Amino acid sequence: MRRIGILGGTFDPPHIGHLLLAETAREALHLDQVLFVPVGVQPLKLDIRSDVDHRLEMVKLAIADNPYFAISYVDIEREGPHYTADTLPLIQSDYPDAQLYFLMGGDSLRDFPKWTRPEAIIDVAKLAVMRRSDEDITADMHDDIISNLSKQIEMVDTPLLSIWMSSSHIVERIQQKKSIRYLVQDTVLNYIHAHNLYTVESP
């Protein structure tokens, strides 16, 4: 059975932290592939800064040199809002013989019982929780709320990434006319400059 990781997000812009987490999960879980799933309309994140065409092109550029990374268009090709509970079954239908692993951070696991239809999510995929060394989270922390949730969780210890590894911080640096070199792939950096993205004057 193929093992496929799912990394969703706005990727606005995609940065080195996204790539590092995806590669860490791929290695730790012996994944055959990691699918990057750019969202069109994210119900919990209304501050999307650039349109989907730009975000999609930047993801393509960011992952181009890794044969284990690919893009799923499932959330781009349908109307939003896009909920994980709806997205994962669509991906599973594209990969019917694969075991899916939904990559998420420790903060997301803390809030998981509040997500839309969390039981439907773990019916389709295991949760690959990217746990930092400074986080006090456990696989069984919500078993009293969602029965047997811990059986569907794989903990993945990840490097401690600073605030520098966030899209918001990268955009802030661009607007302050500071360098973002080495925070994003050179190809992404060139694309941002070529299209004048994230500047105060950008649309």
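Helices here are DSSP runs of H or I with at least four residues, strands are DSSP runs of E with at least two, and both are numbered from the N terminus. Counted that way, the protein has 7 helices and 6 strands. Please keep in mind that this is a predicted model, in which local features need pLDDT of at least 70, side-chain atom pairs count only at pLDDT 80 or more, and totals for chains, interfaces and linings use all residues. Residues are numbered from 1 along each chain as its sequence is written, and side-chain values use heavy atoms, with hydrogens and water left out.

## Overall fold

Let us follow the chain. Along the sequence, the elements come in the order β-α-β-α-β-α-β-α-α-β-β-α-α. The radius of gyration (taken over C-alpha atoms) is 17 Å, close to the 17 Å that the globule rule (2.2 Å times the number of residues to the power 0.38) gives for 203 residues, so the protein is as compact as a globular protein of that length. Along the principal axes, the C-alpha atoms fill a box of roughly 50 × 35 × 30 Å.

Contacts (heavy atoms within 4.5 Å) tell us how the chain comes together. Among those with a separation of 6 or more, 75% join residues 24 or more positions apart.

## Surface and charge

Of the 203 residues, 45% count as buried, that is, under 20% relative accessible area, while exposed means over 50% and partly exposed lies in between (1.4 Å probe, protein chains only). The protein exposes about 10,500 Å² (Shrake-Rupley method, 1.4 Å probe), and carbon and sulfur atoms supply 50% of that area.

For charges, Lys and Arg count as positive and Asp and Glu as negative, leaving out His and the chain ends. Each charge is placed at NZ of Lys, CZ of Arg, CG of Asp or CD of Glu. The 19 positive and 30 negative charges have mean positions 4 Å apart.

## Backbone details worth a look

Three spots in the backbone invite a visit.

| Site | Backbone value | Place |
|---|---|---|
| Asp12 to Pro13 | cis, omega near 5 degrees | Pro13: loop between β1 (2-9) and α1 (16-29) |
| Asn148 | phi near 65 degrees | loop between β5 (125-131) and β6 (153-157) |
| Tyr198 | phi of about 70 degrees | segment after α7 (186-194) |

Asn148 has a positive phi in a residue other than glycine, and Tyr198 also has a positive phi although it is not a glycine. Asn148 counts as partly exposed because its relative accessibility is 43%. Tyr198, at 4% relative accessibility, counts as buried.
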